[in-house]
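Dear colleague,

I am pleased to hand over the structure discussed below. Please keep it open beside this message as you read.

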Amino acid sequence: MKQFYIIALMLLAKISFAQNITETKSMPGAEVNKSTFSIVKTDDVLTTTSTTAIELTETVEEIQQEQVLLADLISLPLPVLKSSTSLEECILKRRSVRQFKNKDLTLEQISQLLWAGQGITDTKNKLKSAPSAGALYPIDLYVVTSKGVFSYTADGHKIARTLRADLRQGLSNACQGQTFIAEAGITIIITATLSKTTWRYGEKGIRFASLEAGHVAQNILLQAVPLKLNAIPVGQFNDKEVKALLELPTEQLPIYIIPIGYQK
Ligand SMILES: Cc1cc2nc3c(=O)[nH]c(=O)nc-3n(C[C@H](O)[C@H](O)[C@H](O)COP(=O)(O)O)c2cc1C
């Protein structure tokens, strides 16, 4: 009997959420605010999920997560600025792990990882979490998910869809067939626009961009520790294939790749 009530409750919550999001999304420019996320704009009308018996096993949270990654522009939840894991513990526990549970990450986790990599930490001067030579910021971040590819904008802490396909297998192929990349919940691609630093520093600007990618990567890798996620830095990939797969702008070069996912 108790089980029946729980299932009925989940069903009601699911229908009410699906209706809410569909009605609101059909209004252009509509804003949806949920406790854990908000959608600021999308040109797409999100589809409701059919309520079959099998789907009842999904949690409402998982459904919300799936729906929200279908949007084109997502305002990320604010990063959490306190944790019970010390920096020393993060350094101690960080390890390159090549095994992932094939499961989508939540928006909160994605938000936290992107903020650690390139989030704005000084709003007055628009300075970011990782140091940058001359504060020129040549680095851009992309997130490859099962629902498509998103680019991160630090100003406003949001992600915008650039591609709709699941490119994780293609990305794995472009990384010399490193299979674990296809299984990671997300992969963060760190790119650099060299002209942003070379106009001031000449040849040295190329080195600076690589160093900065390293700073960004380390922040992300350390942030994965308190989130209890596995992560690994990947440098072995075909630059041209990754650039073509992600349809990166001409001036952006992929420098470093970080698959991240739930521990197996
Ligand atoms: C620049 C760089 C590139 C790397 N590329 C790869 C890679 O393509 N594939 C891989 O499995 N590990 C890669 N790694 C991870 C190293 O294998 C790993 O850091 C090393 O074994 C030490 O282990 P630890 O990170 O757990 O301390 C890379 C590490 C660095 C710093």
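The notes below go from the whole chain to the ligand and then to one strand.

This is a predicted model, in which local features need pLDDT of at least 70, side-chain atom pairs count only at pLDDT 80 or more, and totals for chains, interfaces and linings use all residues. Residues are numbered from 1 along each chain as its sequence is written.

The protein has nine helices and 11 strands; these are DSSP runs numbered from the N terminus, helices being H or I with at least four residues and strands E with at least two. Of its 264 residues, 38% are buried, meaning that 20 or more other C-beta atoms, placed from the backbone, lie within 10 Å of the residue's own. Among contacts (C-beta atoms, placed from the backbone, within 7 Å) between residues at least 6 apart in sequence, 72% join residues at least 24 apart.

Which residues are around the ligand? They are R95, S96, R98, Q178, I232, P233, V234, G235 and Q236, each with its C-beta atom, placed from the backbone, within 6 Å of the ligand. This shell has three nonpolar (Ala, Val, Leu, Ile, Met, Phe, Trp, Tyr, Cys or Pro), two charged (Asp, Glu, Lys or Arg) and four polar residues (the others, Gly among them).

Strand β11 covers residues 252-262, and eight of its 11 residues are buried. Strands pair if DSSP finds at least two bridges between them. Strand β9 (residues 186-193) runs antiparallel to β11, joined by eight bridges; one partner pair is I189 and I257 of β11. Strand β10 (residues 229-231) is also antiparallel to β11, with three bridges, and N230 has G261 of β11 as its bridge partner.

Yours sincerely

Definitions and conventions. A residue is buried if 20 or more other C-beta atoms lie within 10 Å of its own, exposed if 12 or fewer, and partly exposed in between; C-beta atoms are placed from the backbone. Two residues are in contact if their C-beta atoms, placed from the backbone, lie within 7 Å.
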